[in-house]
Protein chains: 2
Amino acid sequence: MPKPIDFYFDFSSPYAYFAAQKIDDVALEFGGREVEWRPFLLGVAMKETKNEPLMHQPIKGEYSVHDWNRMARFMKVPWKMPVQFPIASIAAARAFYWISDIDKTKAKAFAHQCFSSYFSEGLNINNVDTVAEIGSQVGIDGCELKKNIADGLIKEKLRNETQAAIDAGVFGSPFFIVDDEKFWGSDRIWMIKRWLKTGGW
Amino acid sequence: MPKPIDFYFDFSSPYAYFAAQKIDDVALEFGGREVEWRPFLLGVAMKETKNEPLMHQPIKGEYSVHDWNRMARFMKVPWKMPVQFPIASIAAARAFYWISDIDKTKAKAFAHQCFSSYFSEGLNINNVDTVAEIGSQVGIDGCELKKNIADGLIKEKLRNETQAAIDAGVFGSPFFIVDDEKFWGSDRIWMIKRWLKTGGW
């Protein structure tokens with residue numbers, strides 16, 4: 001059984017939302033692989049690379065918004081540029097890891113629902129009540145979720161996952177590691193396909 | 001006759017080197033278009049966006065080198081990571097504009113030769129003697145070239161072109177403008193193809 005593909009992402013990253021639409025299908029079709037979803041806090045990684053969110057960069061920020069709108073139209077995925085952007089994604093990421101320990105399939109369903117709640121409805125997925133509501137939509141007890149994501153263990157889990165991502169060389173979102181090969185950006189899914197198909201070059 | 005595609009680039013940008021291998025063919029095949037090559041000084045644009053060269057960004061710099069090596073192998077283009085990198089590309093860019101006024105075809109040949117001299121032989125294309133030698137390889141008088149790129153007019157031309165690029169919204173290299181539509185990165189050539197074919201979406 002080949003190793004799963006690691007899919008690192010921040011819940012408030014538009015390019016991660018786009019990549020999330022297809023990475024599982026690509027991994028399965030081109031490599032018979034599973035995908036391990038690994039939310040992390042991009043803001044923490046950006047401190048290491050001394051980077052700023054796209055929106056805070058003059059000229060580049062405006063282009064990015066244009067590009068997200070265009071990409072969403074191209075992919076025909078639900079999309080409305082959130083008014084609050086970017087946001088912290090701590091609550092969503094903690095909830096993901098807590099659900100993941102119970103049921104990985106539900107965790108992915110939860111992640112998809114977080115992405116679309118934020119990027120098509122503008123809901124604040126850093127709000128614990130919102131996240132609990134999203135949890136309940138995928139069959140998770142909302143009260144349990146709220147209680148558990150306030151727990152020290154799950155906070156530590158997200159801190160550790162974020163640090164592990166940075167240690168693995170992750171600096172952007174989305175970011176993929178296929179065996180030991182790194183791919184940054186939703187723009188690189190074509191390359192991941194070929195890498196999986198050919199075994200690399 | 002449709003408008004040419006504007007291809008903005010810095011001569012010391014690896015992704016521009018990769019894009020330069022195919023943008024003319026893509027423009028012709030998918031849109032019956034010409035390509036207007038527009039070298040500019042990326043460092044000046046980066047001051048506007050408060051960005052740093054990739055190589056100066058921890059973690060991201062290392063990934064970039066890996067990605068350039070991988071991309072060159074994939075594309076099967078001559079490639080050797082230059083020891084001096086990045087470099088200023090003022091001499092090459094000035095020479096390009098001077099040659100372009102005389103003969104646009106020769107200017108493109110000169111640009112291709114600059115890219116490969118830098119990215120496969122490691123020659124410093126900010127050195128006027130090197131640039132003059134490259135000029136002579138594409139049928140331009142090297143002495144004339146050296147004399148003319150020291151002229152105030154050509155210096156001003158490059159300053160103006162760089163400012164015009166920034167004013168047009170260019171912040172990275174390569175950068176393409178198709179009619180009024182902007183595309184950043186060699187990763188977006190697939191999208192330019194579809195845009196040309198469909199007229200946009």
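This passage looks at how the two chains of a predicted model are arranged, at a pocket, and at one helix of chain B.

Start with the symmetry. Chain B drops onto chain A after a rotation of 180 degrees, with 0.0 Å of shift along the axis and an RMSD of 0.0 Å. The two copies are thus related as by a two-fold rotation axis. Within chain B, the residue that gets closest to that axis is B:D187, whose C-alpha sits 3.2 Å away. As for the contact itself, 100% of the interface residues of chain B are also interface residues in chain A, so the copies meet through the same surface.

B:D187 turns up again in the second largest pocket, which holds about 740 Å³ of space. Its lining counts 23 residues, and those closest to the centre are A:D187, A:W190, B:D187, B:W190 and B:R194. Both chains chip in: α4 (60-75) and α10 (189-198) of chain A, along with α4 (60-75) and α10 (189-198) of chain B, each give at least two lining residues. Sorted by class, the lining is made up of 13 nonpolar, eight charged and two polar residues.

Now to helix α5 of chain B, residues 90-102. At 1.5 Å a residue, its 13 residues should span 18 Å, and the end C-alpha atoms lie 19 Å apart, which agrees. Much of the interest here is in what is tucked away: B:A91, B:A92, B:A93, B:A95, B:F96, B:Y97, B:W98, B:I99 and B:S100 are buried. The buried residues of α5(B) pack against β2 (35-39) and against the helices α6 (104-121), α7 (128-137), α8 (142-149) and α9 (152-167) of chain B.

Key. Residues are numbered from 1 along each chain as its sequence is written. Chains are lettered from A and ligands numbered from 1 in the order in which they are written. This is a predicted model: local features need pLDDT of at least 70, side-chain atom pairs count only at pLDDT 80 or more; totals for chains, interfaces and linings use all residues. Side-chain values use heavy atoms; hydrogens and water are left out. Copies are superposed by least squares on the C-alpha atoms of residues with pLDDT of at least 70 in both. Contact means heavy atoms within 4.5 Å. Helices (H or I, at least four residues) and strands (E, at least two) are DSSP runs, numbered from the N terminus. The expected span of a helix is 1.5 Å times one less than its number of residues. Buried means under 20% relative accessible area, exposed over 50%, partly exposed in between (1.4 Å probe, protein chains only). On a 1 Å grid over the protein atoms alone, a cavity is a set of points where a 1.4 Å probe fits but cannot get out, and a pocket is an open set with protein on both sides within 12 Å along at least five of seven lines; lining residues have an atom within 4 Å of a point. Grid points are joined across faces, edges and corners, and a volume is the space filled by probe spheres set on the points. Ala, Val, Leu, Ile, Met, Phe, Trp, Tyr, Cys and Pro count as nonpolar, Asp, Glu, Lys and Arg as charged, and the others, Gly among them, as polar.
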